[in-house]
Amino acid sequence: MKTKSRKVAIVGSGNVGSSCAYSMVNQAICDEIMMVDRTYDWAMAQALDLSHCMDFTGTRTKVYAGTTSDCGGMDVVILTAGANPKPGQTRLDVLDDAAVITKSIITEIMAGGFDGIFVIAANPVDIVTYMVWKISGLPRHRIIGTGTSIDSSRLKTLLSEVFSIDPRSVNGYALGEHGESQFVAWSHVTIGGKPLLQIMEQHRERFRDLDLEDLARKTKDAGWEIFTRKGSTHFGIGSALAYITRSILNDEHKIIAVSAILDGEYGQKNVCAGAPAIIGGGGIQELLELNLSDQEYAKFDASCGIIRSGIESLHLEEKV
């Protein structure tokens, strides 16, 4: 007996959107992918190119082009369309342009009857995710930004190089803004289940040159290091989008650091920030509240303050 097809639309078929689609095709995450872009011919070209992968994959995924008005029947809509920062700008510097693009796209998608889950990667992702929630009117658990998922992955990669282990044997999170005010919750970083701070204390001589502040800086700046060299980052974030989407469609209950709308968690309200969450079939099943140190709580509060300022500058309550 055939089950219901799992359908995903990717709105924004540039580097990030196409990398996400390519990752999903190769992992057989869904049955159908609809590519959407400002230019229909571009979306069609991307869909055709991706469809030519099928002879070399384990499972066939139907890939085709569509428009925002065609998103009504989709289970997940992935939003990558947005404004790219210029050299010397931060993600927050493109907020005004991103707001115009996001409002137009989400309004068109919702007019088409969409009632699924949004997964957002467009920057500044925490504020854009909040915008999608306000404009769509959907419950907060069905609005998920990539947030600090990619930053947490970068942190694990850096630590795996220090300890010469597989990154998947490292557990830990970057929290807060996917941007300049993010921080690493060192009190919750573990290597093979053992707290990193405890390892460093027990092996002071071996790890005397391990500078956590420098690692946190490298984690934060990793995206810019790539961006300044080739003009975009897309393979990592594309894989993060696919990973989140897979956990939704397969109801995997993966714990991922995502941009989530906070309603009292970590003492924060009316803001969206990166925090670990259980991702399943309904979207965010539960937000996990880590027992942060006083210093980490202060950093989280400061980061949320920056995000909140960006949200308030848009005057969403007046416009929505």
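**Note on the predicted model: helices, annotated sites and buried residues**

1. Helix α7 bends by about 45° at D221. The model under review is a predicted one, and this helix, covering residues 212–230, is a suitable place to begin. With 19 residues at 1.5 Å a residue, α7 should span 27 Å; its end C-alpha atoms lie 28 Å apart, which agrees.

2. The two ends of α7 each carry a local feature. At its start, a side-chain oxygen of D211 comes to within 3.0 Å of the backbone nitrogen of E213. Just after the helix, G231 adopts a positive phi of about 90°.

3. Which residues of α7 are buried? They are L212, L215, A216, T219, K220, A222, G223, W224 and F227. Several of these positions may be read against the helical repeat: an α-helix has 3.6 residues a turn, so residues three or four places apart point the same way. The cover over the buried residues of α7 includes α5 (149–163), β9 (183–184) and α6 (196–202).

4. Helix α4 comprises 12 residues, 125–136. At 1.5 Å a residue the expected span is 16 Å, and the end C-alpha atoms are 16 Å apart, which agrees. The helix is largely enclosed by the rest of the structure, because 10 of its 12 residues are buried. The buried positions are V125, D126, I127, V128, T129, Y130, M131, V132, I135 and S136. After α4 comes G137, which has a positive phi near 75°.

5. An unreviewed UniProt entry carries a "binding site" annotation for V16, D37, G82, A83, S104, A121, A122, N123 and T146. In the model, the lining of the largest pocket includes V16, D37, G82, A83, S104, A121, A122, N123 and T146 from this annotation. Two of the annotated residues, D37 and T146, are considered in the next two points.

6. D37 sits in the loop between β2 (32–36) and α2 (40–51). Its relative accessible area is 25%, so D37 is partly exposed. Apart from neighbours within four places in sequence, D37 is in contact with G12, S13, G14, W42 and A43. In the case of S13, the backbone nitrogen lies 2.9 Å from a polar atom of the D37 side chain.

7. T146 belongs to the loop between β6 (143–145) and α5. Is T146 buried or exposed? At 1% relative accessibility, T146 counts as buried. Setting aside neighbours within four places in sequence, the residues in contact with T146 are I120, A121, V125, I237, L241, I244, A257, V258 and S259. One of these contacts, A121, also appears in the "binding site" annotation that covers T146.

8. For "binding site", the unreviewed UniProt entry also lists R91, N123, P124, V125, D126, D151, S152, S153, R154 and T233. From this set, R91, P124 and D126 contribute to the lining of the largest cavity.

9. P124 is placed in the loop between β5 (117–120) and α4. With a relative accessible area of 4%, P124 is buried. Beyond neighbours within four places in sequence, P124 is in contact with R91, L92, V94, L95 and A98. R91, one of these contacts, is itself among the residues lining the largest cavity.

10. D126 lies in helix α4 and counts as buried at 3% relative accessibility. Not counting residues up to four places away in sequence, D126 touches G147, G176, E177, H178, S259, C272, A273, G274 and I307. S259 is thus named both as a contact of D126 and as a contact of T146.

11. T245 is part of helix α8, residues 235–249. At 0% relative accessibility, T245 counts as buried. Which residues does T245 contact, leaving aside neighbours within four places in sequence? They are V8, M24, I29, V76, I78 and V119.

12. V63 is located in strand β3, residues 62–66. Its relative accessible area is 11%, and V63 is therefore buried, the cut-off being under 20%. Leaving aside neighbours within four places in sequence, V63 is in contact with V25, I33, M35, A47, L50 and M54. Of these, L50 is 13 residues from V63 in sequence, and the two C-alpha atoms are 6.9 Å apart in space.

Key. Residues numbered from 1 in each chain as written. Predicted model: local features only at pLDDT ≥ 70, side-chain atom pairs only at ≥ 80, totals over all residues. Heavy atoms only, no water. Helix = DSSP H or I, 4+ residues; strand = E, 2+ residues; numbered from the N terminus. Expected span 1.5 Å × (residues − 1). Bend = angle between axes of the 7 residues up to and from the residue. Buried < 20%, exposed > 50% of the residue type's maximum accessible area, 1.4 Å probe, protein only. Contact = heavy atoms within 4.5 Å. Polar contact = N/O pair within 3.5 Å; in protein donor to acceptor, adjacent residues only side chain to side chain. UniProt positions renumbered as here; feature names shortened; annotations may be inferred. 1 Å grid on protein atoms, 1.4 Å probe; cavity = no way out; pocket = protein on both sides within 12 Å on 5 of 7 lines; lining within 4 Å.
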